[in-house]
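Please open the model in your viewer and keep the selection panel at hand. The tour goes from one selection to the next, and each stop says what to look for.

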Amino acid sequence: MAASGSDVAFLHLGKFLSSLISLDLRRLLFSTLAISVFLPLCRFVRRDYEDFLALGPGGTPSNFLGYLRISYLRLFTLKDPLTPPPPTQRERPDKGFLQQLPKRPQPRPSVAGIAPHRQTNQKPPAHLYHLLRIALYSLVSDNSKLLRSGNSCFEKHGLALFLCLCPQCPDADCHTELLHSGPTYVNPTCKNTGEICHLHPSDSSMHLTLHPSDAALVISQGWGERHPLAGCPILGLGGRLLPDGFVMVYAPQEESQIGVLKEIVRAAGWWVGGVCLKSTSDG
């Protein structure tokens, strides 16, 4: 029996309404899914951005563009910053500057960020920060022909120590086979400025560059850890941003630790410039 015209019309109407319901349902499902993903993502980005700002000023602008840059750099970070830099055939010499270091008595602090890269706890009282600054300035005064102070090339602000370019460094008896014989550096750091260390006012930690053996000793004795980008190639940025031995040295917790940190800075000067920095504490 052939379907009447009204039956056909109702059939087409039913299909049309069914398609509308199906379309609305799909839209509803898509909207629900989008909201369930987008809102948590927004909350995460907001918290993450606030954490980035809370670390304070550093080498990256404290704005959303700076945050996006850091988010990209996270793709290339070290798996474990407590893993020492691997030795390579190009090290000259194969042994570091530091013969030994005492064990740091405190547990490692919590560390966060890339740039800025900071401690989030174990921040010392102001007088220890000032004592550490005095110790760094004393290295400059004890080695006035080799060192100068200035704003960090890495951080764009904050106290940093730099090796001076000189045609012939004085006091050659103090040098090793890394003798600094011309206007260059044995192991360049930031844009070949000769920066050997910089101090962070917000937490009293430091960044510096060390021989692989010295970096390994600093890490094993609990005095520091590698920067998350140390030695890491960055896609699209022309290679590595930081040397393999770029290390954070934790903030001092006791006045007696200032001398240890000063010795680590001397090791950085030896590695970057091939010079043995004298200290008044050497006698």
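Begin with helix α4, whose buried residues pack against β7, β10 and α5 (258-273). To see which residues these are, select residues 212-220 and pick out P212, D214, A215, L217, V218 and I219, which are buried. Just after α4 comes G222, a residue with a positive phi, near 85 degrees. Keep in mind throughout that this is a predicted model.

Next, select strand β10, residues 246-249, where F246 and M248 on one side and V247 and V249 on the other are all buried, so that both faces of the strand are covered. The arrangement of these residues fits a general pattern, because in a regular strand the side chains alternate between the two faces of the sheet. Now add residues 206-209, which form strand β6, and you will find that β6 and β10 pair in the antiparallel sense over four bridges; within this pairing, M206 has V249 as its bridge partner. Then add strand β7, residues 224-226, which also pairs with β10 in the antiparallel sense, over three bridges, and here R226 has V247 as its bridge partner.

Which residues of the largest nonpolar core touch the most other members? Select L161, I196, L208, L210, I264 and V265, which hold that place among the 39 residues of the core. Elements that each supply at least two residues of this core include α3 (126-142), β4 (159-163) and β5 (195-199), as well as β6, α4, β10 and α5, and α5 gives the most, with ten residues. Another core, of 17 residues, lies apart from this one, and among its members are C153, A160, L229 and I234. For a closer view, centre on I196, which touches, among others, L147, L161, L208, V265 and V272.

Move on to helix α2, residues 64-73, and select G66, Y67, I70 and L73, which are buried. They lie on the same side of α2, because they cover an arc of only 120 degrees around the axis. At the N-terminal end of this helix, N63 acts as a cap, with a side-chain oxygen 3.2 Å from the backbone nitrogen of L65.

Finally, colour the chain by confidence, for which the average pLDDT is 82, with 77% of the residues scoring at least 70. Confidence is highest in β7, at 98, and lowest in helix α1 (residues 5-54), at a mean of 70. Over residues 166-184 the pLDDT is below 50, although this stretch has 35 contacts in the model beyond near neighbours in sequence.

Conventions. Residues are numbered from 1 along each chain as its sequence is written. This is a predicted model: local features need pLDDT of at least 70, side-chain atom pairs count only at pLDDT 80 or more; totals for chains, interfaces and linings use all residues. Side-chain values use heavy atoms; hydrogens and water are left out. Buried means under 20% relative accessible area, exposed over 50%, partly exposed in between (1.4 Å probe, protein chains only). Two strands pair if DSSP finds at least two bridges between them. The arc is that of the directions from the helix axis to the C-beta atoms. A polar contact is a pair of N or O atoms within 3.5 Å; within protein, one must be able to donate a hydrogen and the other to accept it, and residues adjacent in sequence count only if both atoms are side-chain atoms. pLDDT is the predictor's confidence in each residue, from 0 to 100. Contact means heavy atoms within 4.5 Å. A nonpolar core is a set of buried Ala, Val, Leu, Ile, Met, Phe, Trp, Tyr and Cys residues joined through side-chain atoms within 4.5 Å. Lists of a residue's contacts leave out its neighbours within four places in sequence.
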